[in-house]
Amino acid sequence: MLIEKTDIEKAKDNLGDNNAFLMAELLGLENFDDKNLKACCPYHNEDTASFIYNKKNKTFHCFGCNKTVDIIDVLMEKGNTFLEAARYLFEKANIAYSFGEKDVKTRQDRKSTRLNSSHTVISYA
C-alpha cells in the first residue's frame, strides 16, 4: 500500500507542536524542555540539551551526533511497521485514512509476488 508523502506531511501539520510532545514521550526524553522543545539526546550520552525540535520540518535533530528523526522514524525504531506508524500518526492527527482491507493483496502485491516466484535460488554448499 502506498501512502502519499503529502498525506503524511498533512497529518504532521495537523499535529503541530504535538509532534514534539508525542516523540518526547515515545523516546522517554528526560528533562524535556516543553517551552523550547529540546532535551538531551537519547541516542548518545550528553550533559547539555542538543536534541532540538524543528517546527518547520517537524523533526528532532541532535547537534551532537547529527541524528534527525520524525515521528514515523521514532515509531519504526520502536518496532512498528511503516503502516502501523502511519496509522498511529493519522489517528493522533484525527485524520480518517483508508488503509484498505487487512491481508488483501493489491494488484502491485500480486505482481511483486509473481516476480519473486519466477526466480530460482541456487545454493552452493
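Start with the whole chain in cartoon view: you should find five helices and four strands, where helices (H or I, at least four residues) and strands (E, at least two) are DSSP runs, numbered from the N terminus. This is a predicted model, so keep the filters in mind: local features need pLDDT of at least 70, side-chain atom pairs count only at pLDDT 80 or more, and totals for chains, interfaces and linings use all residues. Residues are numbered from 1 along each chain as its sequence is written, and side-chain values use heavy atoms, with hydrogens and water left out.

Trace the chain from the N terminus and the elements come as α-α-β-β-β-β-α-α-α. Now colour by accessibility. Of the 125 residues, 30% are buried (under 20% relative accessible area; over 50% is exposed, in between is partly exposed; 1.4 Å probe, protein chains only). The protein exposes about 9000 Å², with 47% of that supplied by carbon and sulfur atoms; the areas come from the Shrake-Rupley method with a 1.4 Å probe.

**Stop 1: the sheet**

Select the four strands. They make an open sheet in the order β1-β2-β3-β4, with antiparallel pairing; two strands pair if DSSP finds at least two bridges between them. At the edges sit β1 (38-39) and β4 (68-69), each pairing on one side only.

Zoom in on β1 and β2 (residues 51-54): two bridges join these antiparallel strands. Lysine 38 stands opposite isoleucine 52, and alanine 39 is across from phenylalanine 51.

Next, move over to β3, which is joined to β2 by four bridges, again antiparallel. The two strands form a hairpin with four residues between them, and lysine 58 in that turn has a positive phi of about 60°.

Show the side chains of β2. Which residues are on its covered face? Phe51 and Tyr53 are, while Ile52 and Asn54 are on the uncovered one. That fits a general pattern: in a regular strand the side chains alternate between the two faces of the sheet.

**Stop 2: the aromatic cluster**

Stay with Tyr53, whose bridge partner in β3 is phenylalanine 60. Add Phe21, Phe32, Tyr43 and Phe51 to Tyr53 and Phe60, and you have one aromatic cluster. The structure holds six aromatic pairs, meaning rings of Phe, Tyr and Trp (its six-membered ring) with centres within 6.5 Å; planes under 30 degrees apart count as stacked, over 60 as edge-to-face and the rest as tilted.

Pick out phenylalanine 32 and phenylalanine 60: their ring centres are 6.2 Å apart and their planes at 70°, so this pair is edge-to-face. The pair links distant parts of the chain, with phenylalanine 32 in the loop between α2 (18-27) and β1 and phenylalanine 60 in β3 (residues 59-62), 28 residues apart. Phenylalanine 32 is buried at 19% relative accessible area, and phenylalanine 60 is buried at 0%.

Now add lysine 67, which lies over the face of tyrosine 43, at 4.8 Å from the ring centre. The test here is NZ of Lys or CZ of Arg within 6 Å of the ring centre and within 35 degrees of the ring normal.

**Stop 3: helix α2**

Finally, select α2 and show Asn19, Ala20, Leu22, Met23, Ala24 and Leu27, which are buried. What do the buried residues of α2 pack against? Their partners are α1 (5-15), β2, β3, β4, α3 (71-77) and α4 (82-92). Just after the helix comes glycine 28, with a positive phi near 65°.

Notes: Contact = heavy atoms within 4.5 Å.
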